[in-house]
Amino acid sequence: MVTEEPVKYSIVVPFYNERDNVAPFYAKVVEIMDSINEPFEMVFVDDGSNDSTFQILSEICQNDQRVSLLRLRRNFGQTAALKAGFDFARGEIIISMDGDLQHDPIEIPQFIAKIQEGYDVVSGWRAERTDAWLTRQIPSRIANWLMSKLARVEIHDFGTTYKAYRREIIKNIQLYGELHRFIPALASGLGARITEIPIKNHPRRSGKSNYGISRTLGVVLDLISIKFLLDYSTRPLQFFGRIGLLATGAGFLMGIFLLSKKLLFHQAIMLEHGPMLFTAMVLVISGIQLLSLGLVGEMLSRTYYESQNKAIYTLMEIKGQRMESGGDALNSQSPRHPGQGNRSL
């Protein structure tokens with residue numbers, strides 16, 4: 001049986017058609033990580049490249065035992081590639097980067113220093129960006145501002161991949177779709193301590209960027225999804241119910257007003273207040289539908305958490321006489337995430 005040596009740091013990097021950037025990027029990472037003098041690993045993920053990226057990564061993997069290479073069957077996108085790397089990583093601190101040399105490995109020690117100060121997530125902040133002003137910077141600033149307000153996480157740059165995480169935080173975040181850019185918001189829902197540090201944003205040396213203004217609409221939709229997941233995923237009735245009650249209440253008030261007109265003043269409601277009557281009916285019906293949708297959401301939410309034995313919280317640490325005496329009632333009764341230890345998260 002082969003036992004794996006523990007590692008302190010995991011560098012997770014997704015690649016997609018980066019053949020000209022792989023070798024210099026790898027050399028820089030090795031140079032910086034060797035200077036830290038702590039055990040580390042590199043987890044490279046080939047996201048279905050159709051150039052020679054995989055071949056170059058394979059050669060590196062064969063010559064350096066600290067490198068693990070994951071090859072996805074097709075181009076699943078950055079979120080899936082990062083998730084694959086996170087799942088495979090073994091380090092206590094996991095650092096994610098892009099492999100296009102826009103992220104400078106020389107800044108890795110700054111991320112590590114912030115984690116050692118007690119933060120759970122350290123996000124890079126491209127304070128001075130070098131990419132296109134109209135197609136990249138303006139949409140990014142708008143999306144970052146909205147995300148900061150909706151998620152109540154005071155950082156400037158959600159979109160960059162250059163981040164550092166404590167293992168127990170990133171392992172408990174489920175990623176799908178395009179949620180990688182919203183990891184700080186998702187981590188805040190777990191009670192993570194989050195900070196950011198300014199990083200350099202080097203221009204791309206070679207290859208073609210896969211991002212543009214066409215992705216802005218998708219980002220806006222993801223913002224709505226994240227807001228709902230953060231605030232209402234365990235209580236959907238609070239979201240749909242409030243809107244439903246407002247609509248139903250407004251419809252009933254309009255109905256009472258119209259009824260009083262009919263009974264007290266004998267007005268022909270359909271002739272004189274037809275639009276208002278129609279609006280009242282629509283409000284009442286839509287309000288009842290929203291309330292029903294909220295109730296269905298509540299039942300689905302309860303089924304999801306109860307059937308999967310999924311915890312609605314994460315523990316950081318347990319202290320006290322119960323732990324010293326060997327009692328572990330909380331851990332034996334509450335749901336545990338895969339890979340979760342008995343004493344801490």
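Here a biologist asks about the structure above and a modeller answers.

Biologist: Hello! What kind of model is this, and how are its residues numbered?

Modeller: Welcome! This is a predicted model, in which local features need pLDDT of at least 70 and side-chain atom pairs count only at pLDDT 80 or more, while totals for chains, interfaces and linings use all residues. Side-chain values use heavy atoms, leaving out hydrogens and water, and residues are numbered from 1 along each chain as its sequence is written.

Biologist: How many helices and strands does the protein chain have?

Modeller: Helices (H or I, at least four residues) and strands (E, at least two) are DSSP runs, numbered from the N terminus. On that basis, the protein chain comes to 13 helices and 7 strands.

Biologist: In what order do the strands of the open sheet lie?

Modeller: Two strands pair if DSSP finds at least two bridges between them. The sheet has mixed pairing. Its edge strands, strand 3 (67–71) and strand 7 (194–198), each pair on one side only. Across the 7 strands, the order is 3-2-1-4-6-5-7.

Biologist: Do strand 1 and strand 2 run parallel or antiparallel, and what about strand 4 and strand 6?

Modeller: Between strand 1 and strand 2 there are 7 bridges, and Phe-15 stands opposite Asp-46 in strand 2. Strand 4 and strand 6 (residues 163–166) are joined over 4 bridges, with Ile-94 opposite Tyr-165 in strand 6. The first two run parallel, and strand 4 and strand 6 pair in the antiparallel sense.

Biologist: How many residues of strand 2 are buried?

Modeller: Buried means under 20% relative accessible area, exposed over 50%, and partly exposed in between (1.4 Å probe, protein chains only). On one side of strand 2, Phe-40, Met-42, Phe-44 and Asp-46 are buried, and on the other Glu-41, Val-43 and Val-45 are buried. For strand 2 the count is therefore 7 of its 7 residues.

Biologist: Which helix gives the largest share of the largest nonpolar core?

Modeller: A nonpolar core is a set of buried Ala, Val, Leu, Ile, Met, Phe, Trp, Tyr and Cys residues joined through side-chain atoms within 4.5 Å. The largest one has 31 residues, and those touching the most other members include Ile-11, Phe-25 and Met-97. Elements supplying at least two residues each include strand 1 (9–15), strand 2 (40–46) and helix 4 (108–116). The largest share, 7 residues, comes from helix 1.

Biologist: Which residues does Phe-25 contact, leaving aside its neighbours within four places in sequence?

Modeller: Contact means heavy atoms within 4.5 Å. By that rule, the partners of Phe-25 are Val-13, Phe-15, Phe-44, Met-97, Asp-98, Gly-99, Leu-101 and Pro-105.

Biologist: Why do the buried residues of helix 2 line one face?

Modeller: The buried residues of helix 2 are Thr-53, Phe-54, Leu-57, Ser-58 and Ile-60. Gln-62 and Asn-63, on the other side, are exposed. The arc is that of the directions from the helix axis to the C-beta atoms. Seen down the axis, the buried residues line one face because they fall within an arc of 165 degrees.

Biologist: How are the rings of Phe-15 and Phe-44 arranged?

Modeller: Rings of Phe, Tyr and Trp (its six-membered ring) pair if their centres lie within 6.5 Å; planes under 30 degrees apart count as stacked, over 60 as edge-to-face and the rest as tilted. Phe-15 in strand 1 and Phe-44 in strand 2 are 29 residues apart, so the pair links distant parts of the chain. Phe-15 counts as buried at 1% relative accessibility, and Phe-44 is buried at 1% as well. With centres 5.3 Å apart and planes at 85 degrees, the pair is edge-to-face.

Biologist: Which residues form one aromatic cluster with Phe-15?

Modeller: The chain has 5 aromatic pairs by the ring rule. The residues that join Phe-15 in one cluster are Phe-25 and Phe-44.

Biologist: Where is Tyr-176, and which residues does Tyr-176 touch?

Modeller: Tyr-176 is found in the loop between helix 6 (167–170) and helix 7 (183–188). With a relative accessible area of 47%, Tyr-176 is partly exposed. Tyr-176 and Thr-79 are 97 residues apart in sequence and 6.3 Å apart in space, C-alpha to C-alpha. Not counting residues up to four places away in sequence, Tyr-176 touches Thr-79 and Leu-229.
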